[in-house]
Amino acid sequence: MKQVAALELRSADLQSPRNNKEHHTQEMGLKRLIVRRGQPFALRLHFNRPFRATDHLTFVAETGPAPTKLSGTRAAFGLTRARQGNAWSASDFAIDANSLSVSLFAPASAVIGPYTLKIDISQGQGYSMTHPVGTFILLFNPWSAEDDVYLPSEMLLREYVLTDYGFVHKGHEQFITSWPWNYGQFEEDIVDICFEILNRSLYFLENPVKDYSQRSDVVYVCRVVSAMINSNDDNGVLQGNWGEDYSRGVSPLEWNGSVAILRQWSARGGQPVKYGQCWVFAAVMCTVMRCLGVPTRVVSNFRSAHNVDGNLTIDTYYDRNAEMLSTQKRDKIWNFHVWNECWMIRKDLPPGFNGWQVLDPTPQQTSSGLFCCGPASVKAIREGEVHLPYDTPFVFAEVNADEVIWLFGDGQAQEILVHNTSSIGKKISTKLVGSDQRQDITSSYKYPEGSPEERAVFMRASRKMLGSRRASSPFLDLLGSGAFRDQPALLRLHLARTPEWGQDLLLTLHARRVPHPAHPRGPVGLEVRFCAQALLHKGGARQPLWRQTVHLNLDFGEEIRWPLTLPYEDYRNKLTDEKLIRVSGVAAVEGTGRFILVLKDISLELPHLSIEVSERAEVGKPLRVHITLTNTQTVALSHCTMVLEGSGLIHGQVSNDLGTLVAGHSIQIQLDLYPFKAGPRQLQVLISSSEVKEIKGYKDVFVAAARPS
């Protein structure tokens, strides 16, 4: 009888174009196999002869440095007619001459990462041979009901996984600006850089086998990424810089997107990229998590508390001259702070805390020894369940702390000017699904300010966070007296016209006499001392740049409107790049020893960009772009540079030097782009100058697929 030749694998077709499309990864490319766990994918194997019943195939999938079945990084599985539950399997096979078509399945609990796939072929006793089949990348699967990141809405999946651009909300609660950002999670090398980030973490360096085995757990992966986006205790992606000297790198304001940052980090062997601040950290983390398959969004919290000592109170100090004083305390109120929310099931928490979880990659304080934060359940924050992991007390304070403003003199805090229970955690914002609009999600973090539920939650969290410390809080007696609440006059500052950088700022003080026990009806005299300071993003202010004193006499029921002018020359070279000014006034009530505080924050308007594109955009065809910048200021903008970015529209970035733009003039730029991906795209444009760092604009573009030739 003629002996049958040993079965040998001649070639393997991983069917990447078909599989990637079915697994929503085709935007990452079609040349290599990128699939999601909890969903089958098809292979076609070609052998040297027809497949027979006596041939035994065992598929072996491996990932990590020392793959083992015990650690979940190695799986061996044979051919079966039907899939066997939520386990690695090769099923639904069909034989056609020398070919075998088979459906492979990675369970929804599998370790994510790059895999090698082999087959062991055995015939009878003792004969066995291993053939490499190929490699594939396995990602989280928010389309699978078995996966911990399952999100049962196609519209939300399109927004929070598949959309590669978005907005970061910045500025001030009264002047929120939407900054376009290119996430670019599907650029071809980004998925490799994401796993490089995991492989450079301290967890991996300390115990690679254990680290890989835990990459099935989205909570674990999120914490690792949160630590690795900053570089405070590892070779993370970004180095933070909250000073104002960016000469050794790039100003945080001058980034357009995540792709350039991630590529630079990888190209330089994991050397941290200079520089980032909170919105850069969060936007880069959004890129990484969406790339790995975790639904993620960027969230901005305006007037965000940084409460280091956990007492749920932030103290601010002003002197008699209305100057906001610097303090050695690390507690601050940031103008805004940006973090991420990732969607997941929390099997490590009691029922009811699934859904959006806060993750904050900005290095503020350590968690389990590393600079990372979260995941903290948004529902736990809303209900004051601050004992639940991870870092829930810190995030609770960011949106709920009280603000106490003190009058400081003779080396000590003399009296409370204001106690605000609702000034922190304002206008919590994210991009609206399927729109360029801002969505206010404050109500998902807390009950309405001042409502019985909100105060009950605050007290519940206070008891858990402070315990006996709450009773001995140094200012409770002063708060209890309420004496600082009753004032004989109401003071308000209003802008008299739109505040534009390069022009004098016109304000009006509105002062109105109101009933007061100590001054029932007679006139009162006020001496109001004003001070203007540049606000710093991380809280605090620079030295005063303008002062003025006003004397007022108010009769009962009278309202006075007093004009104030802050000249451009006074603030011209004194502001930070964010162009924010705080005008403060402290009014001494004559004959009483009492003081009244009035505050006004001003965000200066910057020049606007105009971007127009030709009517139809098509893959491979020129897309004409017109960009116009008009300098509406009274001073020239020098050393102007322009950077264009947009995934699917531009490979990398396009940069141009524009020179000087004199006051009142316009500059027009015209160029052609060649889109290379179909679908909704966004072109981001940034123009920087020595005087103004962040003139940003964007244009949404729908790119049609190439027409058949």
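The following legends describe close-up views of a predicted model.

**Figure 1. Confidence along the chain of the predicted model.** The protein chain has a mean pLDDT of 93, and 96% of its residues reach 70 or more. Residues 474-483 form a stretch in which pLDDT stays under 50. For residues 474-483 the model has 14 contacts beyond four places in sequence. Predicted coordinates should not be read in detail where pLDDT is low.

**Figure 2. Packing of helix 6 against helix 8.** Helix 6 spans residues 218-229 and helix 8 spans residues 278-292. Their axes lie 10 Å apart, at an angle of about 145°, and the crossing of helix 6 past helix 8 is right-handed. Helix 6 contributes V221, C222, V225, S226 and I229 to the contact. On the side of helix 8, the residues met are F281, V284, M285, V288, M289 and L292. Of the residues in this contact of helix 6 with helix 8, 10 are nonpolar, one is polar and none is charged.

**Figure 3. The largest cavity and its lining.** One cavity of 30 Å³ or more is counted in the model, and the largest cavity has a volume of about 60 Å³. Its lining consists of E159, Y160, Y165, G166, F167, Y183, R290, R297, V298, T430 and K431. At least two lining residues come from each of helix 2 (154-162), strand 10 (165-172), strand 14 (296-306) and strand 21 (426-431). Strand 10 supplies the largest share, three residues. By class, five residues of the cavity lining are nonpolar, two are polar and four are charged.

**Figure 4. The largest pocket and its lining.** The largest pocket holds about 790 Å³ of space. It is lined by 28 residues, of which N420, R492, L597, V598 and L599 are the closest to its centre. Strand 19 (402-409), strand 20 (412-420), strand 23 (489-495) and strand 29 (594-603) each provide at least two residues of the pocket lining.

**Figure 5. Strand 29 and the composition of the pocket lining.** Strand 29 gives the most to the lining of the largest pocket, namely seven residues. The strand covers residues 594-603. Within the pocket lining as a whole, 14 residues are nonpolar, six are polar and eight are charged.

Notes. Residues are numbered from 1 along each chain as its sequence is written. This is a predicted model: local features need pLDDT of at least 70, side-chain atom pairs count only at pLDDT 80 or more; totals for chains, interfaces and linings use all residues. Side-chain values use heavy atoms; hydrogens and water are left out. Axes are lines fitted to C-alpha atoms, for helices over the stretch in contact, and angles run from 0 to 180 degrees between N-to-C directions. Helices (H or I, at least four residues) and strands (E, at least two) are DSSP runs, numbered from the N terminus. A crossing is left-handed if the near helix is turned anticlockwise from the far one by less than a right angle, and right-handed if clockwise. Contact means heavy atoms within 4.5 Å. Ala, Val, Leu, Ile, Met, Phe, Trp, Tyr, Cys and Pro count as nonpolar, Asp, Glu, Lys and Arg as charged, and the others, Gly among them, as polar. On a 1 Å grid over the protein atoms alone, a cavity is a set of points where a 1.4 Å probe fits but cannot get out, and a pocket is an open set with protein on both sides within 12 Å along at least five of seven lines; lining residues have an atom within 4 Å of a point. Grid points are joined across faces, edges and corners, and a volume is the space filled by probe spheres set on the points. pLDDT is the predictor's confidence in each residue, from 0 to 100.
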